[in-house]
Amino acid sequence: MSTPYPFTALVGQTDLRLALLLNAVSPAVGGVLVRGEKGTAKSTAVRALSALLPQVDVVPGCRFSCAPATPDPNCPDGPHEPGPGAARPARMVELPVGASEDRLVGALDIERALADGVKAFEPGLLADAHRGILYVDEVNLLHDHLIDLLLDAAAMGANYVEREGVSVRHAARFLLVGTMNPEEGELRPQLLDRFGLTVEVAASREPVQRVEVVRRRLAYEDDPAGFAGRWAGDEEEVRARVVAARALLPQVVLGDNSLLQIAATCAAFEVDGMRADIVMARTATALAAWAGRTGVRKEDVRQAALLALPHRRRRNPFDAPGLDEEKLDRILDQFPDEEPDRDPEPDPEPGQEPEGPDDGGPHDNGPDDGGPDGGGIPPQDSGPDAPGTEEHPEDRPEQEAEPDRRPQDRPSTQEDGAGDAAEQAPVRAAEPFRTKTLSVPGLGEGASGRRSRARTAHGRTTGATRPRGQLTKLHLAATVHAAAPHQKARGRSGRGLVIRKDDLRQATREGREGNLVLFLVDASGSMAARQRMSAVKGAVLSLLLDAYQRRDKVGLITFRGAAAELALPPTSSVDAAAARLEKLPTGGRTPLAAGLLKAHEVLRIERLRDPSRRPLLVVVTDGRATSAGTAAGPLGGTPRELAGQSARLLAAQGIASVVVDCESGPVRLGLAGVLAADLGGPAVSLDGLRADSLAGLVKNVRTSSPTLRRAA
């Protein structure tokens, strides 16, 4: 086994370290979700934490890690007789993104069932993680139904399995930690709420700290065992403090004043439900125990709010997580401080700012993420006002400067494609609205999602078939049915069935898939009317919100001037798409054909990367084509003819399309309708961009178009 990186040798990331240690003290807090950019020591900190957890006593031979003093009366390996236990380190179990439901919760032991005729349960990862850590890297990429199962078990402290004739319940109490990069897609707000605490991490912008990280990292890679040995004393101090805080936790008193502070804070920030209040109470209690006190103070409530509330205030995926700290202080200042407890002040922070060995200072980053920030031991009363946690201006990420887009500063020329209108500054999107469910006709085989019917690895079982290639999900009843008539001929003599390879049957399941929604947005001068562009952005934003909820991939192409630009390659992060849309400027000629050809190229590449994901092209334009742009070379003809040829090329590929007609005014040319006919899909006017009209039409395009029916 490789030597883990020491937790006490990490740099910065006070909130991350504190959140992890609070869960180590009190797993009832509900786990930690760590959000941040790549290379910020997310995985390193989690893996380092496992070495700080005290050893656990288990019943020898129990696959479910029952405690000898208080064994689980419902343990499938029980009942257990009283006796001495065996000590072992607390486990850290990793849940891979591609894990199956059977691997997570456990399932019938097929081998024993078929060979011996015995109905036995094979434990899953939830059983392995009992009384330890369950770590999910890239939790936002995990299938939703697995996240639901995982969080249900974490909330109840038990795993219930009712499937394939097996009925099992076993204890599953663990410290749940998930990490994610928001750029790769968000978790649904309902799932975010199930994590007790959430921490945002970012790389340090301070050169001295970054140098320290590199020095520590290199020292660890040169001699992992020696580096860890130099930090063994600090590790032991923190481990002892975790044990002491756990022992003190039942004695901590959460007074009425603190409860009022918690309730007032949750009410003022308008969080949904009561989970936030409960998590804040548990977190504040754990903070007091970690500080060596038996009473909860105002600073504990404040820190608990900063860790437990930001992710619960999001109302839709485009809301940035965060908390107004000035508002929080005003709320807490309404309540007088309670009488301070009489506990002696704890000893100075173990490992805090030690001199460290010769190869560096007290902190470093781990080998997994390679990021510049990790986590040492957080301050005792950790909070924004605590010493050493003030924010320096140089630590803050630079803000993007809004470009100067005054028309007089940028002349309109034919060369730069600005013949129709000078470039206009971006306008804000109109208020988004709810859309109807969009679905692709037929039965697909794409990635698991929430949109169109598809054959998936998860969902309801609809039948059985002979496996093509490797067997992934056995249909037990169909397998037994296929083998039963041949038992006498095969000389069966015992309880078990005689099974051959030809008897095996693959379960076929039907669920929902996600699609690729590619937006092709006209940003030319003819779209520069502020009211029109605002409505267009509002409509696209609405469809982005729907795509987020249904786990689609999205992409954004814009065209203006002389060319089309892939503003956002297909991604699962609708936040990124919304941000690009918000900053979209307008102006210049209309290279419609170039935009359509760009869409064709993007979809062609995506089909090679993910051939099972079916696309939908949403073209937002008034249908005008005033520039050949980059399409002039390969095709030839007038701009309008080129646009028609490009549209028919897409239709020939069986790509589902809908055109949002942005033309307005008393005189209309109807060019968007012509474009829609060439694409083989319908057009909808800007006046009809409401939920029932637009979303219904997008749904109909996938069911009524002859081209799409042939493609399906």
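This section describes the nonpolar cores, one helix pair and one sheet of a predicted model.

The largest nonpolar core comprises 63 residues, of which Phe7, Leu20, Leu21, Leu49, Met280, Trp290 and Leu309 touch the most other members. Its main contributor is helix H12 (residues 275-290), which supplies ten residues. A second core, separate from this one, holds 37 residues, among them Cys62, Ala129, Ala153 and Ala172.

Helix H12 also packs against helix H11 (residues 256-268), with the two axes 9 Å apart and at an angle of about 140°. Because an angle over 145 degrees would be needed to count as roughly antiparallel, H11 and H12 are classed as oblique to each other. Their crossing is right-handed. On the H11 side the contact involves Ile262, Ala263 and Cys266, which meet Ala276, Asp277, Met280 and Ala281 of H12. Met280 is also one of the core residues that touch the most other members.

An open sheet is built from six strands with mixed pairing, in the order S16-S15-S14-S17-S18-S19. Its edges are formed by strand S16 (563-571) and strand S19 (683-685); each has a single partner strand, so one side of each lacks a neighbour in the sheet. From one strand to the next, the twist averages 15°. Within the sheet, strand S14 (residues 516-522) and strand S17 (residues 615-621) run parallel and are joined by six bridges. In this pair, leucine 516 is placed opposite proline 615 of S17. Helix H17 (residues 574-582) lies across S16 and strand S15 (553-560), and runs at about 20° to S15.

Definitions and conventions: Residues are numbered from 1 along each chain as its sequence is written. This is a predicted model: local features need pLDDT of at least 70, side-chain atom pairs count only at pLDDT 80 or more; totals for chains, interfaces and linings use all residues. Side-chain values use heavy atoms; hydrogens and water are left out. A nonpolar core is a set of buried Ala, Val, Leu, Ile, Met, Phe, Trp, Tyr and Cys residues joined through side-chain atoms within 4.5 Å. Buried means under 20% relative accessible area, exposed over 50%, partly exposed in between (1.4 Å probe, protein chains only). Helices (H or I, at least four residues) and strands (E, at least two) are DSSP runs, numbered from the N terminus. Two strands pair if DSSP finds at least two bridges between them. Axes are lines fitted to C-alpha atoms, for helices over the stretch in contact, and angles run from 0 to 180 degrees between N-to-C directions. Contact means heavy atoms within 4.5 Å. Angles under 35 degrees count as roughly parallel, over 145 as roughly antiparallel, 65 to 115 as roughly perpendicular and the rest as oblique. A crossing is left-handed if the near helix is turned anticlockwise from the far one by less than a right angle, and right-handed if clockwise.
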